[in-house]
Amino acid sequence: MLLALIIVVCVAVVLLVGFGTFTAVSRGRSRRGLERERGAGTRPAALRAPPARPPSPAAPPGAPVGAPAQVPGAEAPPEVRAPPEAGAPVEAEAPPEVAPLREEPLAEADLVAGAEAGPEVLERPRFRDRLGKARSLFADQLAGLRRRGKLDQQSWDELEDALVLADVGITTTEELLKDLKETARQDNLSTSEQLVGALREELVSRLEGERELHDAGPGVTTVWLFVGVNGVGKTTTIGKVALREERDGRRVVLAAGDTFRAAAADQLGLWAERVNAGFVRGNEGGDPGAVVFDAVQHANARGISLVLADTAGRLHTKVNLMEELKKVRRVADRPPGSVTEVLLVIDATTGQNGLVQARQFTEAVGVTGVVLTKLDGTAKGGIAVAITSELGIPIKLVGLGEGPEDLVTFDAREFVDALLPAE
Ligand code: GDP
C-alpha cells in the first residue's frame, strides 16, 4: 500500500515537471516569434531594404549609341531634375521617358511611307513646283495689269487690289505702293510690265534676311525652341529639321515640351524613331520646362550638341501660354543649354491671322526666325512679305509639303520667281 502510494506520488511529480518545461519552451518560442514580427514592423524605414527598382533603361554617359539611355538626374529626387523658378513651387514628377538611339545609319527606306515598295529618290522640292496655287492666283490678279501696256492710275489700282488679295495686308501694300511710286518716278517707268519688274525687285529686297540657324559654342548644348499655335505644323517641322541635321551627320535630341497633349508627344516620338533622333518626354500635364531641361542634360552628357524642343500651342489649364513659354525659354537657357533660335511656326494658309500670332509670340519670347508652313497648299504667299516687312523677322525655313524632305531654307529670289515669274 505504502509502495503504491510512493509510486503514485513519483508519477505525479514527473508529470508536473514535464508540463512546466513544455509550457516554458512554448512561451519562449511565442515571444521570439512575436518579437520578430514586431521588430519588422517597427524598424525605421531608412533601415529597411530598398524596394526593388524596376529594371532601369539606363546606360552611363558615353555608353554606345543603341544602348538603352538614361536621363542624368533620373535617380535623384524629382525636384532636382529641373531647377525651380525663383519662388515657384517645385513640381514632383516621374522621370521623363527617354527613347534609346539606334546605331544603324538612317536608311532612305525608313523615311518613305510604305517602305516595302523600295527606297524612293528624295529630292529637294522647288518653290516653282510647289507654289502652283499661289502663283496662279497672283497671276490671275495681275493679268489685267500686264495686258494694259501703259502705266496709268488703273495700273496702280489693279496692283493694289492684287497685293491685298494675295495676303500682303493693307499696311504693307500701302508701303510697297509708296516705294514703287518713288521708283517709277525716279526711273521713268512707263509700262505696266516695267512696274511688275520693279515690284519683283521690291519684293525680293523686302524678303531678304538672315537664314542661318545659329549654334552655341563648343561644350554648350544648342537649343532651338519651336513655338506657334496648335495645328500650324510645329511637330512636323521639328521632324523635318531633325532629319536635315541628322543627314548632315549631327545627332539631335527631340524634347516633347508640349506636355498638355499626350498625342503631341506621341507624334514627336514617331518622328524621333523615323529620323533616328533621341527623344525625351514627360508626363501629360507635367512641367514642360523640366522636359526641355532634361533633354539638354541628356544631350550634353552624350556629347549631342542640338536639342529641338516642341512647346505647347494652347494650354488646357489657366496658365497663360506666353508666361509658360517665357519660363520654358529661361529654363532651356540655363547651362549647359543655350537657346540660340526661337522659331515661330506659322501656317501660311491662315493669312493675316498669322501676323497677329507673330506679334504676340515675338513680344513674349523674342522670335529669331519664322518657319512658314503649308506654302504648297491654298496659301496665297503674300503673308511672307507682311511678316518680314511689318515685324522685321526673317523667314528662315518654309514647308512645301507633308513629307520629311519638304522643308527648305527660304530663298527670296526663288520665292518671288515662283510667285511672280518674269514674262
Ligand atoms: P502642330 O500641332 O503645330 O504640331 O502641327 P502638326 O505638325 O501636327 O501639323 C498639322 C498638320 O499640318 C499635319 O497634318 C501636317 O502633316 C501638316 N503639315 C505640316 N507642315 C506642312 C506643310 O508644309 N505642307 C502641308 N501641306 N502640310 C503640312
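Biologist: Which residues are exposed on the other side of α9?
Modeller: A residue is exposed if 12 or fewer other C-beta atoms lie within 10 Å of its own, buried if 20 or more do, and partly exposed in between, with C-beta atoms placed from the backbone. Helices (DSSP runs of H or I, at least four residues) and strands (E, at least two) are numbered from the N terminus. On the other side of α9, the exposed residues are Ala263 and Asp266.

Biologist: What kind of model is this?
Modeller: Residues are numbered from 1 along each chain as its sequence is written. Local features need pLDDT of at least 70, side-chain atom pairs count only at pLDDT 80 or more, and totals for chains, interfaces and linings use all residues, since this is a predicted model.

Biologist: What arc do the buried residues of α9 cover?
Modeller: In α9, Ala264, Ala265, Leu268, Trp271, Ala272 and Val275 are buried. They sit on the same side of α9, because the directions from the helix axis to their C-beta atoms cover an arc of only 115 degrees.

Biologist: What span is expected for α9?
Modeller: Helix α9 covers residues 262–275 and has 14 residues. The expected span is 1.5 Å times one less than the number of residues. From first C-alpha to last, α9 reaches 20 Å, close to the expected 20 Å.

Biologist: Which residue follows α9 with a positive phi?
Modeller: The phi there is near 65 degrees. The residue is Asn276.

Biologist: On α12, how wide is the arc of buried residues?
Modeller: Helix α12 (residues 353–365) has 13 residues and reaches 19 Å, close to the 18 Å expected. Its buried residues are Gly354, Ala358, Phe361 and Val365. They line one face of the helix, because seen down the axis they fall within an arc of 75 degrees.

Biologist: Which elements do the buried residues of α12 pack against?
Modeller: On the other side of α12, Val356 and Glu363 are exposed. Contact here means C-beta atoms, placed from the backbone, within 7 Å. By that test, the buried residues of α12 pack against β2, α11, β6, β7 and α13.

Biologist: Which residues have the most contacts inside the largest nonpolar core?
Modeller: A nonpolar core is a set of buried Ala, Val, Leu, Ile, Met, Phe, Trp, Tyr and Cys residues joined through C-beta atoms within 7 Å. The largest has 92 residues. Helix α10 (residues 288–301) gives the most to this core, with seven. Inside the core, the most contacts belong to Leu254 and Leu308.

Biologist: Which residues surrounding the ligand are the closest?
Modeller: The shell has 18 residues, each with its C-beta atom, placed from the backbone, within 6 Å of the ligand. Helix α8 (residues 234–247) provides the largest share, three residues. The closest are Gly233, Lys234, Thr235, Thr236 and Gly399.

Biologist: How many charged residues does the shell around the ligand have?
Modeller: Charged means Asp, Glu, Lys and Arg; Ala, Val, Leu, Ile, Met, Phe, Trp, Tyr, Cys and Pro count as nonpolar, and the others, Gly among them, as polar. The shell has two nonpolar and eleven polar residues. Its charged residues number five.

Biologist: Is Asp376 buried or exposed?
Modeller: Asp376 is in the loop between β7 and α13. It touches Arg130, Leu400 and Gly401, not counting residues up to four places away in sequence. With 22 C-beta neighbours inside 10 Å, Asp376 counts as buried.

Biologist: How far apart are the C-alpha atoms of Ser389 and Glu175?
Modeller: Ser389 lies in helix α13. With 18 C-beta neighbours inside 10 Å, Ser389 counts as partly exposed. Along the chain, Ser389 and Glu175 are 214 residues apart, yet their C-alpha atoms are separated by 9.1 Å.

Biologist: What is the omega of the cis peptide bond from Pro335 to Pro336?
Modeller: Most peptide bonds are trans. Pro336 is in the loop between α11 and β6. The bond from Pro335 to Pro336 is cis, with omega near 10 degrees.

Biologist: What phi does Asp167 have?
Modeller: Asp167 is in the loop between α5 and α6. It is buried, with 26 other C-beta atoms within 10 Å. Asp167 is not a glycine, yet its phi is positive, near 75 degrees.

Technical notes: Two residues are in contact if their C-beta atoms, placed from the backbone, lie within 7 Å.
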